[in-house]
Number of protein chains: 2
Amino acid sequence: MVDQLDIALQYAHKNNEKFLHSLKEILAIPSVSTEPEHASDIRKAAEWLASQLRSLGMQKVQIFPTAKHPVVYGEWLEALNAPVVLIYGHYDVQPADPLDLWKTGPFDPEVRGENIYARGASDMKGQDVIMLKAVESLVKSGGLPVNVKWLFEGEEEIGSPNLPAFITGHKELLAADFALNPDSGMIGKDYPTLTYALRGLAYFELRVFGPSQDLHSGIYGGVVHNPAIVLAELISGMHDSKGRITLSGFYDHVQKLSREDRDELARLPIDDKHFLDITGVPALYGEAGFTANERTGARPTLDVNGLLSGFTGEGSKTVIPAWAMAKISMRLVPDQDPNEVHQQLLQYLKEHAPRDVRWELTVMAGGPASISDRNNIGVRAMSKALETVWGIPPYFRREGGSIPVVKDMQSLLGIESVVSGFGLPDDNVHAPNEKMHLPTWYRGIDAAIHFFMNLKP
Amino acid sequence: MVDQLDIALQYAHKNNEKFLHSLKEILAIPSVSTEPEHASDIRKAAEWLASQLRSLGMQKVQIFPTAKHPVVYGEWLEALNAPVVLIYGHYDVQPADPLDLWKTGPFDPEVRGENIYARGASDMKGQDVIMLKAVESLVKSGGLPVNVKWLFEGEEEIGSPNLPAFITGHKELLAADFALNPDSGMIGKDYPTLTYALRGLAYFELRVFGPSQDLHSGIYGGVVHNPAIVLAELISGMHDSKGRITLSGFYDHVQKLSREDRDELARLPIDDKHFLDITGVPALYGEAGFTANERTGARPTLDVNGLLSGFTGEGSKTVIPAWAMAKISMRLVPDQDPNEVHQQLLQYLKEHAPRDVRWELTVMAGGPASISDRNNIGVRAMSKALETVWGIPPYFRREGGSIPVVKDMQSLLGIESVVSGFGLPDDNVHAPNEKMHLPTWYRGIDAAIHFFMNLKP
């Protein structure tokens, strides 16, 4: 007897070229959410998704406008007695610069060896297409065994400013038993992974203003406090010599790691050598007293994401810059509050910025950390699916990145998320030459088919 | 009886519109020495000067190639028993960016009110044209009363890398009694000024390298030392809490200020309010224990001239940057040696840069400070000329800026320089909307005519 599972898997394997073609279509759309000039590309990507949903027989397919970038919705609710899965995805991508470091155009997807290269290949258009194609395989082989709702947003890479309001305004439409969020990744291509904790984010832009315009450093060097130096001094004071963040109260609400947490993190097949190899740094760095896995998964961090001031071209220009700018962001862990962190940073600046400059702090993005219940039916279905395809049970890990929507689904819709995904650590997400490993991508489609079948009542 | 002085001054006053037209011609040439794409403009500016010299009846007019930008030379040596004045000028200018802050194009000279606006109007094409037009006025009114040699370089704004070699290779050609260097300025439009001390310069580019490419700050935040933060920490450590530079040995050879030096600097008609007004900073800053005039004129300083790292566009991008760059320069005073300062900075970086990053330090430009003899015949002739035109004796000051060629003329040709000029403190040199005050410019031509006449045997 041939069952639906086999037919669906066969359909997927037969159509692997067609699936790849679909992936290339969406990867070719430069839907960069942070750059206003890409607004029409954002719209194009939303329309591409809506047309995919319609071709899968989804109902109520709609592009909802928001204050910035639209949300794409669709649903199919005809599987009697089966759970409702809310499938989350985002169709926006990070900016592609620095462009000169890309081997091929970031929006000209190209297969080289086992990988496809393009901005968004891994984060997360590749994951979106995995779910679309798994559902297509089931629709074409007898019908979906579960009920699904789709929610694609276009603002994830800018901190989802309008998603919470959209969710709040559409609670009934989005009601589900749990959410599926494939915006995380795997520890390595042979290590299927489920993420049960995510760090939060608090992202700021700090500007320090000195003289009313750039000054000649010969004539005025000695009477004005150089804003680039003031900025450097402010940044410098944000860590102590043990790699701890110095903002007053910053660690007050940080959840302590239990013995069990630490044991589990120690079992992950990731060690210092892995981090050294993948980052290329001469030596690792971080908060004293914690392992690399603890520091990236379960401890908060503070990074400077960008610096700009004065003359940055070739050669020399002897100016005292009028201003200096830093992008500064913190990764947060349970139970830190991004708004409290904002207040702590403001307080730090009030205490430490000298009175011979002016400064401005702008909140750019933010969201709290989250921890999921590892025993919901979705996690169990995904765990079994991953074990079937990879032959080993998945690793449960805490991830360093931030998926604020997971917390929003918990607090606004009251549902847990299955956080997984098929990106790899060397996918260059947020960097030049982002890629997706194609054998893993195809395994991902198989795993998603198993996942939906595992949910059949 | 009408003497030559009166005729020359009348010629200058009658031709003021024509003189202004000449100034506009040279200001319209974007001879930016630091940007390779302007090489042909550099050539154009050199040719413009050569043709001016020829039209003044100068001999041996020649454009000498160097390893980078050419030197323009010309001479007239027929004034019997009169001294030989080597007139120095530079025809290159600073880059014009940020362009959006200019009210009119930096190379579309425009007169607004009493000023002419263009890059180089004050620093120093305006000064070059003053000397050309003063000489023209004398040539047209009976002939030059002194012997002159002209030396125009095209590399001043990039630290004159090829000028010392040119001077060394042409010692006989350049032999003179003293040099005239109008590349300094005035304390204010009513205060004629002679500069007797100049600070030196040591300009560096420091790059800190972390991961082999930009990393996702969520996934890797906690294991790599952020190069932008390391750079900030290194910069932060370069000053102590009293505004002193911390490089080991940095002050060892700094000449102490004598009681006389301090008294003289205290007499300058420049106070803290002047610096506050002109810079627009909320409060002044500087090394404890010294006045503003001492700090800008007679004490060394360290400034950051530029910062660049990671994502600097609109919005937020959660990267750990692969590298971070700072342009760092010091203004030096007698008897600091730029090469020693380079070694001190290297030593500082070796001691303070953490081993989890790589770094590179590049020397961009440098030259020692200088102090001139205030009693040479040139200084006396200029002092008298300024007093005649302005009605008060000139102020003698130490200037914060660097004119390494003054030191080179001393050490390579054995001659002193008369360092003066007619730029004003609010001329926005090295900044957007650079300007020259035209009434002062015309007074400068008169003063230069007096200066040459004062040298007549």
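**Exercise 1. Find how many bridges join β11(A) to strand β13 (residues 323-332) of chain A, and in which sense the two strands run.**

Solution. Let's start inside chain A of this predicted model.
- Step 1: β11(A) and β13(A) are joined by 8 bridges, and the two strands run antiparallel.
- Step 2: For one example, look at T301(A), whose bridge partner in β13(A) is R331(A).

**Exercise 2. Follow β11(A) across to chain B: over how many bridges does β11(A) pair with strand β11 (residues 301-310) of chain B?**

Solution.
- Step 1: The two β11 strands, one from chain A and one from chain B, pair over 5 bridges in the antiparallel sense.
- Step 2: Among the partners, S309(A) has L307(B) opposite as its bridge partner in β11(B).

**Exercise 3. Write down the strand order of the open sheet of 8 strands, and say which strands stand at the edges.**

Solution.
- Step 1: With antiparallel pairing, the order reads β14(A)-β9(A)-β13(A)-β11(A)-β11(B)-β13(B)-β9(B)-β14(B).
- Step 2: β14 (358-367) of chain A and β14 (358-367) of chain B are the edge strands; each has a single partner strand, so one side of each has no neighbour in the sheet.
- Step 3: On average, and ignoring direction, neighbouring strands are turned by 20° against each other.
- Step 4: Helix α12 (residues 338-352) of chain A packs on this sheet, where α12(A) touches β9 (200-209), β13 and β14 of chain A. The direction of α12(A) makes about 165° with that of β14(A).

**Exercise 4. Describe the contact between the chains: how many residues of chain A are in contact with chain B, and what turn lays chain A on chain B?**

Solution.
- Step 1: On chain A, 81 residues are in contact with 81 residues of chain B.
- Step 2: Our strand β11 (residues 301-310) of chain A gives the most to this side, with 9 residues.
- Step 3: By class, the side of chain A that touches chain B has 33 nonpolar, 35 polar and 13 charged residues.
- Step 4: A turn of 180° with a shift of 0.1 Å along the axis lays chain A on chain B with an RMSD of 0.1 Å. This is the relation of a two-fold axis.
- Step 5: The same surface serves both copies, as 99% of the contact residues of chain A recur in chain B.
- Step 6: To find the axis, look for A232(A): of the residues of chain A, its C-alpha comes closest, at 2.1 Å.

**Exercise 5. Classify the crossing of helix α13 (residues 377-390) and helix α15 (residues 438-454) of chain A.**

Solution.
- Step 1: The two axes come within 8 Å and cross at roughly 135°.
- Step 2: α13(A) and α15(A) are therefore oblique to each other.
- Step 3: Their crossing is right-handed.
- Step 4: The meeting residues include A381(A) and M382(A) from α13(A), and R443(A) and F451(A) from α15(A).

Technical notes. Residues are numbered from 1 along each chain as its sequence is written. Chains are lettered from A and ligands numbered from 1 in the order in which they are written. This is a predicted model: local features need pLDDT of at least 70, side-chain atom pairs count only at pLDDT 80 or more; totals for chains, interfaces and linings use all residues. Copies are superposed by least squares on the C-alpha atoms of residues with pLDDT of at least 70 in both. Two residues are in contact if their C-beta atoms, placed from the backbone, lie within 7 Å. Axes are lines fitted to C-alpha atoms, for helices over the stretch in contact, and angles run from 0 to 180 degrees between N-to-C directions. Helices (H or I, at least four residues) and strands (E, at least two) are DSSP runs, numbered from the N terminus. Angles under 35 degrees count as roughly parallel, over 145 as roughly antiparallel, 65 to 115 as roughly perpendicular and the rest as oblique. A crossing is left-handed if the near helix is turned anticlockwise from the far one by less than a right angle, and right-handed if clockwise. Ala, Val, Leu, Ile, Met, Phe, Trp, Tyr, Cys and Pro count as nonpolar, Asp, Glu, Lys and Arg as charged, and the others, Gly among them, as polar. Two strands pair if DSSP finds at least two bridges between them.
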